[in-house]
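Biologist: I'd like a close look at one part of this model, the salt bridges and where their partners sit. Take your time, and carry on into the surroundings once you've got through the pairs.

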Amino acid sequence: MRPLNLLSISIVLFLLIGCTNEKDKEINTDDPISEGSINDVNVPSGFDYKTTKTIYVKVSSSNFAGSNLITAYLSTPAGEKIKMFSGLSDENGVLNMELSVPTYIDELYISKQAAGLEFFETASIATEYVNVEFDVESELVPFEASQARKSNTCNDFIYVVNGNSEFFSINLDNDLAITDYPDLEGTSYAATYDRENNIIYYDVKGKLYSYVKETGTSTLIASLNTSSNNLNDGYPRMVINPSDGYLYIAAKEDFAIIDPSDGSVVKNARIQGITGSQNGGGDFDFSSDGTLYQVSSGGMFRMAFNSDSTIINATRISADNFPHYLTGVTIDRFDRLYASTNDQNSRLIQMDIKDGSYVTLKRMGRRMNDLSSFRCTEEDFAGEDADGDGVVDGFDLYPNDSTRAFESYTPGENGYGTYAFEDLYPAKGDYDFNDIIVHYRHTSVSNADNKIVEFKTKYIVKTVQSDLPSGFAFQLPIHADSILSVTGSRVTAGAVTLDSKGLESGIAPEKPVVVAFDDHFALISRPGKISKSDEFEVVITFTEPIDPSSLPIGAFNPFIFINKDRTKEVHLANFPTTSKFNQSLQTDGVDDGNFKTAEGHPWAIHLPHKFHPPKEAIDITNAYSNFENFVESSGSANSNWYTDDTGNRVESKMHLDNEE
């Protein structure tokens, strides 16, 4: 929040009055501030700094119409797929959805499961409205029926091997309960489960074994003879591809496809796009749509095969490296990815294949070197619908609540997006965007008709040496009559008042305002270089289920209000003010209108990932090397400027999460 050297006397006076402690701050001297600054950036006219866009998708069916499971994926230019949404079409085969996606996404992939088959369509995201129709020409993918565990109840299991020859399972649907099986033949660090034949395949220093868990018997298949010594002497990555029944194995950049019946090599291949420092440890698995995901020391990657499967191109999904050395990976029926760490008391970590966000579920009390999984399918739950809502229990996140069935997440199930603000408005700040940082995760809870019944947002608030207590709120694009209640708001400073529903008082009902908090100082601890709050949640419930098109997340209007002054709002560039805003602020300082200076510089930015803020008084262009290219290209270049991909960050000039 340091003022720039060339500010006018009037702005300096404002700082002396409004930020009396500013002069006492210590500028970080570990890394000198470079010559460049945001003032050197040529901002295109009208540029809004957006890193996300909203698309509206209508899915319809003229063939196999009716209530079917529809799943939406985003496809990158390289063809990798990212699962975003699942829901049921109506009785006429129609489903409408609204997705908030990164701006670099250019294609959509939609699958439909009907009549024991799986169909798919692709569509270009050329405009914000996308129509997808399933007809007699829609491409068909074999839909694999369940071959095992046909029972009234089906649980997903993770199967685990380790270097102590142990083999055991973890029940994902029953409190992570562990079941031990007889030991393997020798030390194994790679294994996979073949559901089709109910066999575990595992490796012992290049020797391929099969294992039947019911009898505890192992059978040597063959010693591998690939083109790589890394694979012939043992390897950390192994998975069976359900589409062809072959084993896919890898070590670093070496890759091979193996016939499990005799251990013969079907094909040798190479992995590209993962540097040596990113490729340590880890494992991979196929998601429900057939995409291969790898997780290793350098993050999460989508793997795309070339036409003859001899080259596998990797595209990184996660914005950051992982803080743990990972060894095992598998995916469950909800396309949640699980990973294990390499220690005696291994962590079981759950990840989101959408963005690589993660959370540690539990320390499992034993070593876990490799993971594979048994996944239930819809057929396993045929006829089981405890709440009678039309969604089978195994795929219903709320199987005993007929008013709830699905959840959709923005930006991801475990990750956070970020709003970051400068708080010297209407004067210029120092463009470190670290005064008020609001991490958010939106969750829409919908029913079997895909209508939203509840909207939940989890928040974490951060700051680097801010002197002005600020509040945070957002204006909704729906009428207040649609809202039954708002709970969880942290209102303590008397800066705002709430009505009986929990909405802000004194705001017209056409565009109500939800206040998340009114004083961030009351939420944060302040011991170190960066201060942050505990996670808290604000919940909006609705009087009646609402169509997702009535609640487009891209139309949310987030803002802060500074120094407990409700009239002193700061919005994202080109977003409107509320009726409580003091309009004179847009003439009292350097706001040229729409919360940008005459040069086009904003007071707030929004990211679909967790933002690592620059250190105090370090301009964002010096901490994020490609921010300038992103802006000057109107967002068409370096749209991933905020990730830790090579060349994006100067990490010594920012606060990373592991420093907090």
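Modeller: One cut-off first: a residue is called buried when its relative accessible area is under 20%, exposed when that is over 50%, and partly exposed in between. Keep in mind as well that this is a predicted model.

Let's start with Arg-566. Its relative accessibility is 7%, under the 20% limit, so Arg-566 counts as buried. Its partner is Glu-504, and the closest N and O atoms of this salt bridge are 2.7 Å apart. Is Glu-504 buried or exposed? It is buried, because its relative accessible area is just 3%. Along the chain the partners are 62 residues apart, so this pair links distant parts. Arg-566 belongs to the loop between strand S38 (557-562) and strand S39 (569-571), while Glu-504 belongs to the loop between strand S34 (483-487) and strand S35 (513-517). The pair doesn't stand alone, either: a network of salt bridges links Glu-504 and Arg-566 with Glu-569 and Lys-580.

The loop between S38 and S39 also holds Lys-564, which reaches across to Asp-519 in the loop between S35 and strand S36 (531-532). Their side chains meet in a salt bridge at 3.8 Å, N to O, and in sequence they're 45 residues apart, another link between distant parts of the chain. The partners differ in burial class: Asp-519, with a relative accessible area of 9%, is buried, whereas Lys-564, with 39%, is partly exposed.

Now go to Asp-180 and Arg-366, where the closest N and O atoms of the salt bridge come to 2.7 Å. Asp-180 sits in strand S11, and Arg-366 in the loop between strand S27 (358-363) and S28, with 186 residues separating them along the chain. Arg-366 is partly exposed, because its relative accessibility is 22% and the limit for buried is under 20%. In total, the structure holds 22 salt bridges.

That last pair leads into a sheet. Which strands make it up, and in what order? Four strands form an open sheet, S11-S10-S9-S28, with antiparallel pairing. The edges are S11 (177-181) and S28 (370-374), each of which pairs on one side only. From one strand to the next, the twist averages 25°. As a reminder, strands of a sheet pair through backbone hydrogen bonds. S9 (residues 157-161) and S28 run antiparallel and are joined by five bridges. If you want a spot to zoom in on, Tyr-159 stands opposite Ser-372 in S28.

S27 turns up again in the second largest pocket, where it gives the largest share of the lining, three residues. The volume of this pocket is about 800 Å³. Its lining has 28 residues, and Asp-320, Pro-323, Tyr-358, Lys-610 and Asp-657 lie nearest the centre. By class, the lining splits into 11 polar, nine charged and eight nonpolar residues.

Finally, a few backbone details to check while you have the model open. Most peptide bonds are trans, and most residues other than glycine have a negative phi. Against that background, the bond joining Thr-410 and Pro-411 is cis, with omega about 5°. Pro-411 is placed in the loop between strand S29 (406-410) and strand S30 (417-421). Another cis bond runs from Tyr-425 to Pro-426, with omega near 10°, and Pro-426 is in the loop between S30 and strand S31 (436-446).

Phe-433 lies in that loop between S30 and S31 too, and its phi is positive, near 50°. With 0% relative accessibility, Phe-433 counts as buried. Ala-617 also has a positive phi, near 70°. You'll find Ala-617 in the loop between strand S40 (604-607) and helix H4 (620-623). Ala-617 counts as buried, because its relative accessibility is 10%.

How values were computed
Residues are numbered from 1 along each chain as its sequence is written. This is a predicted model: local features need pLDDT of at least 70, side-chain atom pairs count only at pLDDT 80 or more; totals for chains, interfaces and linings use all residues. Side-chain values use heavy atoms; hydrogens and water are left out. Two strands pair if DSSP finds at least two bridges between them. Helices (H or I, at least four residues) and strands (E, at least two) are DSSP runs, numbered from the N terminus. Axes are lines fitted to C-alpha atoms, for helices over the stretch in contact, and angles run from 0 to 180 degrees between N-to-C directions. A salt bridge is a side-chain nitrogen of Lys or Arg within 4 Å of a carboxyl oxygen of Asp or Glu. Buried means under 20% relative accessible area, exposed over 50%, partly exposed in between (1.4 Å probe, protein chains only). On a 1 Å grid over the protein atoms alone, a cavity is a set of points where a 1.4 Å probe fits but cannot get out, and a pocket is an open set with protein on both sides within 12 Å along at least five of seven lines; lining residues have an atom within 4 Å of a point. Grid points are joined across faces, edges and corners, and a volume is the space filled by probe spheres set on the points. Ala, Val, Leu, Ile, Met, Phe, Trp, Tyr, Cys and Pro count as nonpolar, Asp, Glu, Lys and Arg as charged, and the others, Gly among them, as polar.
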